[in-house]
Amino acid sequence: MNSKVLAAPVTAAPRNRLRLSLDRFGLPLVFILLCLVMAFSSEYFMTWRNWMDILRQTSINGILAVGMTYVILTKGIDLSVGSILAFAGLCSALVATQGYGLLAAVSAGMFAGAMLGMVNGFMVANLSIPPFVATLGMLSVARGMTFILNDGSPVTDLPDSFLAMGIGKLGPIGVPIIIFAVVALIFWMVLRYTTYGRYVYAVGGNEKSARTSGIGVRKVTFSVYVISGLLAGLAGVVLAARTTSALPQAGVSYELDAIAAVVIGGTSLSGGTGSIVGTLFGALLIGVINNGLNLLGVSSYYQQVAKGLIIVLAVLIDVWRKKKR
Amino acid sequence: MAPPLLLHAEQVSKAYAGVPALRDGRLSLRAGSVHALCGGNGAGKSTFLSILMGITQRDAGSILLNGQPVQFDRPSAALAAGVAMITQELEPIPYMTVAENIWLGREPRRAGCIVDSKELNRRTRELLQSLEFDVDATSPMHRLSVAQIQLVEIAKAFSHDCQVMIMDEPTSAIGEHEAQTLFKAIRRLTARGAGIIYVSHRLSELAQIADDYSIFRDGAFVESGRMADIDRAHLVRGIVGQELQRIDHKVGRECAAATCLDVNGLSRDGEFQDISLQLRQGEILGIYGLMGSGRSEFLNCLYGLTLPDAGSATLQGQPLPTGTPAATIRAGMSLVTEDRKDSGLVLSASILANIALSAYKQLSSWSVINARKEQALAQSMVKRLQIKISSLDLPVESMSGGNQQKVVLAKCLSTQPICLLCDEPTRGIDEGAKQEIYHLLDEFVRAGGAAIVVSSEAPELLHLSDRIAVFKGGRLVTVSSDTALSQEALLSLAS
């Protein structure tokens with residue numbers, strides 16, 4: 001027992017430092033490790049083309065996950081992003097096929113997404129419906145509306161200018177990747193450098209304290225659902241352009257991947273802590289796993305199992321980390 | 001022969017990550033006595049108590065219970081041996097009844113799985129009767145007052161045949177009146193031969209209830225003895241480690257004639273009725289009242305957290321906005337809320353973000369935060385309030401209670417208010433930090449501000465305020481400028 005007491009001060013300090021750095025760099029470390037393993041398993045993995053593939057695959061989920069991060073930071077959840085994505089994609093494609101031009105089509109998609117987001121925000125912030133229930137309702141309503149809108153048939157024959165949003169390239173880099181990068185950068189900066197960003201953290205960290213500090217809690221809560229809807233709309237446009245047609249059944253269960261990316265990225269479901277950078281790594285990790293398992297020829301059934309396990313593991317590590325405090 | 005010791009702890013120590021939290025914890029508890037455990041924040045009391053309860057494991061030292069050495073590896077083991085603790089944060093299950101809460105996990109059963117409610121309620125009534133607690137066994141927990149919930153917790157401990165009861169700040173959330181009920185209950189427990197370890201920052205209360213005392217300071221035992229042999233000043237000296245400068249903050253304070261805040265017939269149904277009072281510049285107005293007298297509700301309404309049903313208020317001649325704290329802050333008013341963890345701080349956020357939380361309008365242009373201004377504000381507040389920090393980026397939850405309270409004050413002062421509302425500004429913090437906060441409030445009004453301070457502690461108000469308003473049952477009974485008033489007189493006005 002005595003030796004234990006003597007030994008404690010010597011070892012404890014470095015261990016503490018190690019844990020602190022694991023907190024911050026744990027996920028990137030796992031990400032790099034996974035990439036290394038993949039690089040040794042498949043020589044194709046580390047090629048420019050494959051990485052462009054991974055990033056393009058990740059871009060849709062990444063855009064959704066950025067909006068989801070805002071929602072989850074306020075202790076909320078948005079289950080309707082997959083349905084909103086389909087609805088907005090279809091709206092946008094319809095406008096595009098009417099010959100209104102690219103700007104009108106993209107705006108229509110984002111506007112449709114933002115409107116549905118406003119309905120979510122109104123239900124949660126003003127009617128005090130729990131976010132899980134409100135957005136679960138929207139998940140079904142928006143999907144139904146998508147089928148009603150075009151009688152359940154896809155919109156095809158999209159103009160080339162529209163398709164460029166999905167399959168075009170700017171130099172060597174695909175347009176979806178650039179859109180994703182711009183979205184991530186903007187919303188990272190908003191969260192980090194603006195008063196609004198601080199309010200989002202404060203509302204999720206302690207709603208009552210936020211209110212006494214003079215923060216418009218309702219406005220902030222409302223706004224995060226609008227952001228999530230807006231970005232789901234944008235993702236819908238990009239997806240429609242990438243698949244060269246807007247399908248009413250697009251984006252089913254995409255909300256789960258978005259939530260997974262946020263949670264793996266270290267944002268707490270109980271609100272108040274997390275970051276866009278974490279979410280980026282979370283989304284990339286999912287992308288690399290999907291890609292890697294594909295390259296290794298693992299069947300997509302196993303891929304789902306693997307993804308599920310990794311999500312649970314990521315949260316488990318988070319729980320352990322907090323318990324040690 | 002002296003009566004046998006119920007509990008005897010010696011040289012108990014514990015270090016976290018190499019930093020000693022407790023170096024030498026000692027305590028001797030006699031059967032049938034109340035033992036006050038005193039010390040400032042960080043003195044090691046909490047660590048010592050959690051070791052006694054088996055929540056944390058000690059590094060060294062010995063603990064004897066009834067002369068037998070014990071080492072509890074978890075709280076349930078301590079409970080089984082007859083050691084129970086009632087903490088600051090009570091956690092009943094709100095929608096279950098008193099009886100169900102007391103026997104949770106040990107319900108009398110029929111056929112091994114069906115709860116025998118009749119037997120359950122009968123046992124509970126018996127238990128409550130034997131302790132003479134006035135609580136209904138079948139009432140759901142969420143209908144009870146904080147004091148009643150504490151009585152239930154005590155009853156629960158005694159349903160385990162408890163011999164040693166640890167009470168950590170049991171009166172921090174209840175009023176004077178309910179505290180007396182609790183003290184009566186404590187005396188009944190000691191009459192049955194139980195020993196009670198009692199922790200509280202309210203020193204006047206200790207003189208009233210405790211038989212013995214022990215003082216911890218900086219993680220080590222300092223002294224112990226009979227409460228009757230010492231006075232308050234001796235206790236404070238022991239806790240603080242030096243003669244505490246008790247400055248009379250009011251000396252030389254001149255209230256200007258100008259009215260700062262004028263409240264006219266403010267009412268809110270079911271909370272407070274027809275409150276009219278004036279607050280002058282440079283004045284501290286104390287508000288005294290029992291739990292449920294409407295004092296906190298009055299402050300919350302004034303600040304805009306709730307809407308008044310009737311009446312109005314003006315701040316420096318301008319009508320005070322209602323219903324939006326943001327507008328009230330802009331008008332020049334701030335509120336230090338009653339419960340810093342519940343409604344004052346964002347615990348998971350950094351010290352920096354908490355201090356700046358209300359002031360971001362001034363710290364930003366086009367809603368982009370000026371990081372240099374933000375840092376400068378936080379630094380100046382840390383200096384002005386003497387907040388002890390190692391880094392502004394650490395989360396607030398890593399700080400002690402006194403320092404957390406200072407962060408709340410810093411947040412409120414950072415919007416440069418002319419009128420400061422403080423609801424229990426010194427609740428649950430140690431004597432040294434209390435004095436610092438008194439000093440700060442005094443400085444604030446001397447610089448031309450005005451403050452309203454709500455407190456359950458009469459001596460605090462008598463010491464601090466120029467006038468005292470007494471609330472009772474939602475009404476303003478009187479405003480007295482006689483600060484030579486005795487505590488007893490205040491209490492009788494309020495009850």
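**Close-up views of chains A and B**

**View 1. Two domains of chain B and the contact they share.** The C-alpha centres of domain 1 and domain 2 of chain B sit 34 Å apart. This is a predicted model, where local features need pLDDT of at least 70, side-chain atom pairs count only at pLDDT 80 or more, and totals for chains, interfaces and linings use all residues. Residues are numbered from 1 along each chain as its sequence is written, while chains are lettered from A and ligands numbered from 1 in the order in which they are written. Domain 1 of chain B covers 5-240, domain 2 covers 246-332 + 417-495, and domain 3 covers 348-415; such bounds come from an automatic or database domain assignment. To the contact, domain 1 of chain B gives 15 residues and domain 2 of chain B gives 14 residues (in contact means that C-beta atoms, placed from the backbone, lie within 7 Å). On the domain 1 side, helix H6 (176-191) and helix H8 (232-240) of chain B each bring at least two residues. Helices here are DSSP runs (H or I, at least four residues) and strands are too (E, at least two), numbered from the N terminus. That domain 1 side holds four nonpolar, seven polar and four charged residues. For these classes, Ala, Val, Leu, Ile, Met, Phe, Trp, Tyr, Cys and Pro count as nonpolar, Asp, Glu, Lys and Arg as charged, and the others, Gly among them, as polar.

**View 2. Where chain A touches chain B.** Here 26 residues of chain A are in contact with 28 residues of chain B. On chain A, the elements giving two or more residues are helix H1 (2-41), helix H8 (195-205) and helix H9 (207-212). By class, the chain A side has eleven nonpolar, twelve polar and three charged residues.

**View 3. Thr337(B), a residue that touches Thr212(A).** Look for Thr337(B) in the loop between strand S18 (333-336) and helix H11 (340-344) of chain B. Thr337(B) counts as buried because 26 other C-beta atoms lie within 10 Å (buried means 20 or more such atoms within 10 Å, exposed 12 or fewer, and partly exposed in between, with C-beta atoms placed from the backbone). Leaving out residues up to four places away in sequence, Thr337(B) touches Thr212(A), Ser343(B), Gly344(B) and Asp423(B). Asn300(B) is 37 residues away along the chain from Thr337(B), with 8.3 Å between their C-alpha atoms.

**View 4. Helices H7 and H12 of chain A crossing.** The axes of H7 (residues 175-193) and H12 (residues 276-295) of chain A come within 9 Å and cross at roughly 150°. Axes are lines fitted to C-alpha atoms, for helices over the stretch in contact, and angles run from 0 to 180 degrees between N-to-C directions. From H7(A), Ala184(A), Phe187(A), Trp188(A) and Leu191(A) meet Ile276(A), Val277(A) and Leu280(A) of H12(A). This patch has seven nonpolar, no polar and no charged residues.

**View 5. Helix H3 of chain A, mostly covered.** Of the 17 residues in H3(A), 15 are buried. At 1.5 Å a residue, H3(A) (residues 81-97) should span 24 Å, and its end C-alpha atoms are indeed 24 Å apart; the expected span is 1.5 Å times one less than the number of residues. Just past H3(A), Gly99(A) takes a positive phi of about 80°.

**View 6. Ile259(A) in helix H11 of chain A.** H11(A) runs over residues 254-264 and includes Ile259(A). Ile259(A) has 24 C-beta neighbours inside 10 Å, so this residue is buried. Setting aside neighbours within four places in sequence, Ile259(A) is in contact with Met68(A) and Ile77(A).

**View 7. Two non-glycine residues with positive phi.** Most residues other than glycine have a negative phi. Asp157(A), though not a glycine, has a positive phi of about 55°. Asp157(A) sits in the loop between helix H5 (131-149) and helix H6 (160-167) of chain A, and is exposed, with 9 other C-beta atoms within 10 Å. Over in chain B, phi of Glu169(B) is near 50°. Glu169(B) belongs to the loop between strand S9 (164-168) and H6 of chain B, and is partly exposed, with 18 other C-beta atoms within 10 Å.
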